[in-house]
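Colleague: Got a minute to go through this model with me? I'd like to get my bearings before I set anything up.

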Amino acid sequence: MKLEFYKYQGTGNDFVMLDNRTKIFPKEKTDIISHICDRHFGIGADGVILIENDDFFDFKMIYFNADGSETFCGNGGRCAVAFAKKLNIIDSETNFIAVDGEHFAEINDTTVSLKMIDVDEIEVKENTIFAFTGTQHHVEIVDDLNNFPVLEKGGKIRYSYKEPGSNVNFVQQINNTTFRVRTYEKGVEDETLACGTGVTAVAIAMHKTNKTTSNLISLPVEGGLLEVSFTEEKGIYKNVFLKGPATFVFNGNINI
Ligand SMILES: N[C@@H](CCC[C@H](N)C(=O)O)C(=O)O
């Protein structure tokens, strides 16, 4: 079967987008998702995103990691908004549904600001923090992020969590409002160039542990710059917005 696809990236976190409004894609076949994401034998991506019709929202976003596991993805959500605009499903604002719930987003040229779920699951341990921002995130501060073995350490920590495991974010504080982040992503089983739910977890974790008093955080990642803002009420983080670029790269057809 020949499948039309669109490739997008958000700060280097890259996705194959499929317009599945006619439900042609066999989403139960995880080997097809892995094949599409394979950087040698397929198109190459961190994940696959399906856009489907929904009765109550502008569209439904379904995200699969490169290994076929399903979860939510922040950068993927921002790219889904850019793709929905390209398909003329939305204009400059949207409400869409994903596996973690409802999302509002605004798009201005290639900048997408995405409202994330409220974050109330935050566990502060001795030297680490765990937060659920639509998916699972471990956050840990390190001294020398440039030379940190993200793949080796991230891979071990990822499996120290019970199923489905956790993504692992290593952080270095630059100043009161800026934190540099490198992320090991479960489901990709590698370091990616950026992770939207990951930087969201980092921003909230840094505020929660008093590393910052700001509610607008800049997060340089390997593939660019992301921004997270929020309000906090009695330990619950609300109005959480993830902002950054979401860019169309190319489109084409693949045999699956
Ligand atoms: N890169 C994503 C997160 C993708 C999901 C993650 N690998 C998981 O399995 O939780 C993002 O931008 O949020």
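Modeller: Sure, here is a walk through the annotated sites, the ligand, the core and the domains.

Colleague: What kind of model is it?

Modeller: It's a predicted model.

Colleague: OK. Which residues does the "active site" annotation cover?

Modeller: C73 and C195, according to the UniProt annotation, which comes from an unreviewed entry. They span 123 residues in sequence, but no two of their C-alpha atoms are more than 7.9 Å apart, so they gather at one spot.

Colleague: Where is C73 found?

Modeller: C73 sits in the loop between β5 (70-71) and α2 (74-86).

Colleague: And where is C195 found?

Modeller: In a loop as well, between β14 (190-192) and α4 (196-208).

Colleague: Is C73 buried or exposed?

Modeller: C73 counts as buried, because it has 31 C-beta neighbours inside 10 Å and the cut-off for buried is 20 or more. C195 has 36 C-beta neighbours inside 10 Å, so C195 counts as buried too.

Colleague: What is C73 in contact with, leaving aside its neighbours within four places in sequence?

Modeller: G47, Y63, G196 and T197. With the same kind of neighbours left out, C195 touches N13, N75, N167, T183 and E185.

Colleague: Switching to the "binding site" annotation, which residues does it cover?

Modeller: That UniProt annotation, again from an unreviewed entry, lists N13, N65, G74, N75, N167, G196 and T197. They are spread over 185 residues of sequence but cluster in space, with a largest C-alpha distance of 14.2 Å.

Colleague: Let's take N13. Which strand does it lie in?

Modeller: N13 lies in β2, residues 13-19. It counts as buried because it has 32 C-beta neighbours inside 10 Å. Beyond the four places either side in sequence, its contacts include D46, N75, C195, G196 and G223.

Colleague: And what about N167, where is its place?

Modeller: N167 is in strand β12, which runs over residues 167-175. With 26 C-beta neighbours inside 10 Å, N167 counts as buried. Among its contacts outside the four-place window are T135, H137, H138, E185 and C195.

Colleague: Now the ligand. How many residues surround it?

Modeller: 19 residues surround the ligand, and the closest are G74, N75, T135, G196 and T197. Helices α2 and α4 each supply at least two residues of that shell.

Colleague: How does the shell around the ligand split by class?

Modeller: It has 14 polar, 3 nonpolar and 2 charged residues.

Colleague: Which domains give residues to the shell?

Modeller: Both domain 1 (2-113 + 246-255) and domain 2 (122-244) do, so the ligand shell lies between them.

Colleague: While we're on the domains, how far apart do their C-alpha centres lie?

Modeller: The C-alpha centres of domain 1 and domain 2 lie 23 Å apart.

Colleague: And how many residues are in contact across the two?

Modeller: 18 residues of domain 1 are in contact with 23 residues of domain 2. On the domain 1 side, α2 and β8 (111-115) each supply at least two residues, and α2 gives the most, with 3 residues. By class, that side of domain 1 has 3 nonpolar, 11 polar and 4 charged residues.

Colleague: How many residues are in the largest nonpolar core?

Modeller: 67 residues, and those with the most contacts inside it are M17, V48, I49, V202 and L219. Helix α4 gives the most to this core, with 7 residues. Domain 1 (2-113 + 246-255) and domain 2 (122-244) both give residues to the core, so it lies between them.

Colleague: Any general background on that?

Modeller: In soluble globular proteins, nonpolar side chains tend to be buried together.

Colleague: Fine. What is V48 in contact with?

Modeller: Not counting residues within four places in sequence, V48 is in contact with F15, V16, L18, I33, I36, C37 and F64.

Colleague: Last one, F104. Where is its place?

Modeller: F104 is in strand β7, residues 101-108. It counts as partly exposed, because it has 14 C-beta neighbours inside 10 Å. Its contacts beyond four places in sequence are N95 and K115.

Colleague: How far apart are F104 and H138?

Modeller: F104 and H138 are 34 residues apart in sequence, and 25 Å apart in space, C-alpha to C-alpha.

Conventions: Residues are numbered from 1 along each chain as its sequence is written. This is a predicted model: local features need pLDDT of at least 70, side-chain atom pairs count only at pLDDT 80 or more; totals for chains, interfaces and linings use all residues. UniProt positions are given in the numbering used here, feature names are shortened, and annotations may be inferred rather than shown by experiment. Helices (H or I, at least four residues) and strands (E, at least two) are DSSP runs, numbered from the N terminus. A residue is buried if 20 or more other C-beta atoms lie within 10 Å of its own, exposed if 12 or fewer, and partly exposed in between; C-beta atoms are placed from the backbone. Two residues are in contact if their C-beta atoms, placed from the backbone, lie within 7 Å. A residue is near a molecule or strand if its C-beta atom, placed from the backbone, lies within 6 Å of it. Ala, Val, Leu, Ile, Met, Phe, Trp, Tyr, Cys and Pro count as nonpolar, Asp, Glu, Lys and Arg as charged, and the others, Gly among them, as polar. Domain bounds come from an automatic or database domain assignment. A nonpolar core is a set of buried Ala, Val, Leu, Ile, Met, Phe, Trp, Tyr and Cys residues joined through C-beta atoms within 7 Å.
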